[in-house]
Amino acid sequence: MQNDREEHIMWEAFKKRDEEAFALLFAHFSDALFYYGCTLTDDRELIKDGIQELFCDLWERAEQCPEVQKVKYFLLAALRRILLRKLKRRQQFHRNLLEKHKEHNFPIAEKAISSEEAIIESEIKLEVRLQIKSAIEALPPRQREAIHLRYYQGLSYAEMAEVMKVQQSSVGHFISGAIKSLRQKIKHI
C-alpha cells in the first residue's frame, strides 16, 4: 500500500469483511499508530490496548464504517479519541481513589494523578493549538499572511505594510478581519 488510492481500495475491501484486507490494514498501520500513541502517553500498554480496541471496533462495525479517502488520518484520529477517553477515565478513577483514601485518611501518592492530569492538560493544549492552526489555514491568503507576520514574526503594522506592499490601514483590516473570522471558527475552544 504505497498511496492513498491503494489504501482506499484496501479500506473498501475491509468494509466488506475481507479478513485479508483487515489483516493488511493492521499490519500496515499498527506501527504508525503505536508511534503516534507514544506522543500522547508514555503508557505503552495503554497504547497497545487502544490500538487493539480500535481494530476490534472497526471489525465489529465494518459495514457501517464511513467512506474514507485518507485511511491513515482516519485511524490516527480514531486512536487519539480512544486514548484520550482512556486517559480521562484513568484520571477520574485516580480522583475517585484519592477522595476515598482522603475520607479514610489513607496516604496515597498524588504524583500519579498529577502526572495523568498533566498528560490530559497537554493533550487539550495540543488539540487547541491544532484547531487554531486549522482555523488560520482556512483564512484567505492575505489575512493568513497578516496573522503570520504579526503574531509569528512579531512585525509592527508599519513593517507588515512594507512587506505586504499595502497601506498600513489595509494591514489593520486584514488583522481585524482575520481575528473576527478566527473567533467565529473557534468559539468552542
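**Cores and a helix pair**

Q: Which residues does leucine 54 contact, leaving aside its neighbours within four places in sequence?
A: This is a predicted model, where local features need pLDDT of at least 70, side-chain atom pairs count only at pLDDT 80 or more, and totals for chains, interfaces and linings use all residues. Residues are numbered from 1 along each chain as its sequence is written, and side-chain values use heavy atoms, without hydrogens and water. Contact means heavy atoms within 4.5 Å. With those neighbours set aside, leucine 54 touches Leu33, Leu75, Ala78, Leu79 and Ile82.

Q: Which helix gives the largest share of the largest nonpolar core?
A: A nonpolar core joins buried (under 20% relative accessible area, 1.4 Å probe, protein chains only) Ala, Val, Leu, Ile, Met, Phe, Trp, Tyr and Cys residues through side-chain atoms within 4.5 Å. The largest has 29 residues, and Leu54 is among those with the most contacts inside it. Helices (DSSP runs of H or I, at least four residues, numbered from the N terminus) that give two or more residues include helix 1 (4-15) and helix 4 (71-103). The largest share, eight residues, comes from helix 4.

Q: How is helix 6 placed relative to helix 7: parallel, antiparallel, perpendicular or oblique?
A: Helix 6 (residues 141-152) and helix 7 (residues 157-164) pack at about 135°, with axes 10 Å apart. Axes are lines fitted to C-alpha atoms over the stretch in contact, and angles run from 0 to 180 degrees between N-to-C directions. Under 35 degrees is roughly parallel, over 145 roughly antiparallel, 65 to 115 roughly perpendicular, and the rest oblique. Therefore helix 6 is oblique to helix 7.

Notes. Buried means under 20% relative accessible area, exposed over 50%, partly exposed in between (1.4 Å probe, protein chains only).
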